[in-house]
Amino acid sequence: MTQKRAVCLNCIDGRVQLPVIQWIKDNFEMDYVDMITEPGIDGFLSDSTNPIDEISRKVRISIEKNNASIIFIVGHHDCKGNPVCESDHRDHILLAASRLKREFPEMTGVGLWVNSQWKAERL
Ligand SMILES: [Zn+2]
């Protein structure tokens with residue numbers, strides 16, 4: 001049976017890795033999650049003056065070599081890399097998702113918010 005793979009753009013923060021991986025495995029029936037991290041990656045990608053090239057290179061390897069079929073973009077509560085309020089995080093996640101959609105139009109993109117209970121929610 002083919003194993004299903006997701007690629008996830010997440011913060012470096014160690015508090016959010018396992019909750020996000022578990023949520024994706026449970027809700028999208030994925031076997032593995034390739035993780036690409038950057039501090040406050042939702043804020044990083046939402047600012048169009050930040051280059052996307054290096055992140056795109058990594059996403060492309062996940063798609064082309066590991067057969068990732070879906071992209072997740074994550075923002076989380078109490079993020080030191082992107083210290084903004086929840087509503088700004090939600091905006092940043094959606095902006096980042098649309099930027100990724102332009103880079104990878106063939107891929108489905110899903111935004112996730114990790115709340116103060118360290119539970120992931122789909123946006
Ligand atoms: Zn963070």
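## The nonpolar core

The largest nonpolar core has 28 residues, and those touching the most other members are Ala-6, Cys-8, Val-20, Ile-24, Phe-72, Ile-73 and Val-74. Two or more residues come from each of these elements: strand E1 (5-10), helix H1 (14-28), helix H2 (41-46), helix H3 (53-66), strand E3 (68-76), helix H4 (86-103) and strand E4 (108-114). E3 gives the most, with five residues. Please keep in mind that this is a predicted model.

Val-74 is a good place to start exploring. Leaving out residues up to four places away in sequence, Val-74 touches Cys-8, Leu-9, Asn-10, Cys-11, Val-16, Val-20, Asp-42, Leu-112 and Val-114. In soluble globular proteins, nonpolar side chains tend to be buried together.

## Helix H1 and its two faces

H1 has 15 residues, which at 1.5 Å a residue should span 21 Å; the end C-alpha atoms are 22 Å apart, in agreement with that expectation. Its buried residues are Val-16, Val-20, Trp-23 and Ile-24. Viewed down the helix axis, the buried residues of H1 fall within an arc of 100°, so they line one face. An α-helix has 3.6 residues a turn, so residues three or four places apart point the same way.

What do the buried residues of H1 pack against? Their partners are E1, E2, E3, E4 and strand E5 (120-122). On the face turned away from the buried side, you will find the exposed residues Gly-14, Leu-18, Gln-22 and Asp-26.

## After the helix: Glu-29 and Met-30

H1 is followed by Glu-29, which has a positive phi near 50°. Met-30 lies in the loop between H1 and strand E2 (32-37). Is Met-30 buried or exposed? Met-30 counts as buried because it has 21 C-beta neighbours inside 10 Å, and the cut-off for buried is 20 or more.

Some of the neighbourhood of Met-30 comes from elsewhere in the chain. Met-30 and Ala-6 are 24 residues apart along the chain, yet their C-alpha atoms are separated by 6.6 Å. Not counting residues up to four places away in sequence, Met-30 touches Lys-4, Arg-5, Ala-6, Ile-24 and Lys-25.

## Strand pairing around E4

E3 and E4 pair in the parallel sense over seven bridges, and Ile-73 has Gly-111 in E4 as its bridge partner. Between these two strands the chain passes through H4, making a right-handed β-α-β crossover.

E4 also pairs with E5, here in the antiparallel sense over three bridges. Leu-112 has Arg-122 in E5 as its bridge partner. E4 and E5 form a hairpin with five residues between them, and Trp-118 in the turn has a positive phi of about 60°.

Conventions: Residues are numbered from 1 along each chain as its sequence is written. This is a predicted model: local features need pLDDT of at least 70, side-chain atom pairs count only at pLDDT 80 or more; totals for chains, interfaces and linings use all residues. A nonpolar core is a set of buried Ala, Val, Leu, Ile, Met, Phe, Trp, Tyr and Cys residues joined through C-beta atoms within 7 Å. A residue is buried if 20 or more other C-beta atoms lie within 10 Å of its own, exposed if 12 or fewer, and partly exposed in between; C-beta atoms are placed from the backbone. Helices (H or I, at least four residues) and strands (E, at least two) are DSSP runs, numbered from the N terminus. Two residues are in contact if their C-beta atoms, placed from the backbone, lie within 7 Å. The expected span of a helix is 1.5 Å times one less than its number of residues. The arc is that of the directions from the helix axis to the C-beta atoms. Two strands pair if DSSP finds at least two bridges between them. A crossover is right-handed if, with the strands pointing away from the viewer, the path from the first strand over the helix to the second runs clockwise.
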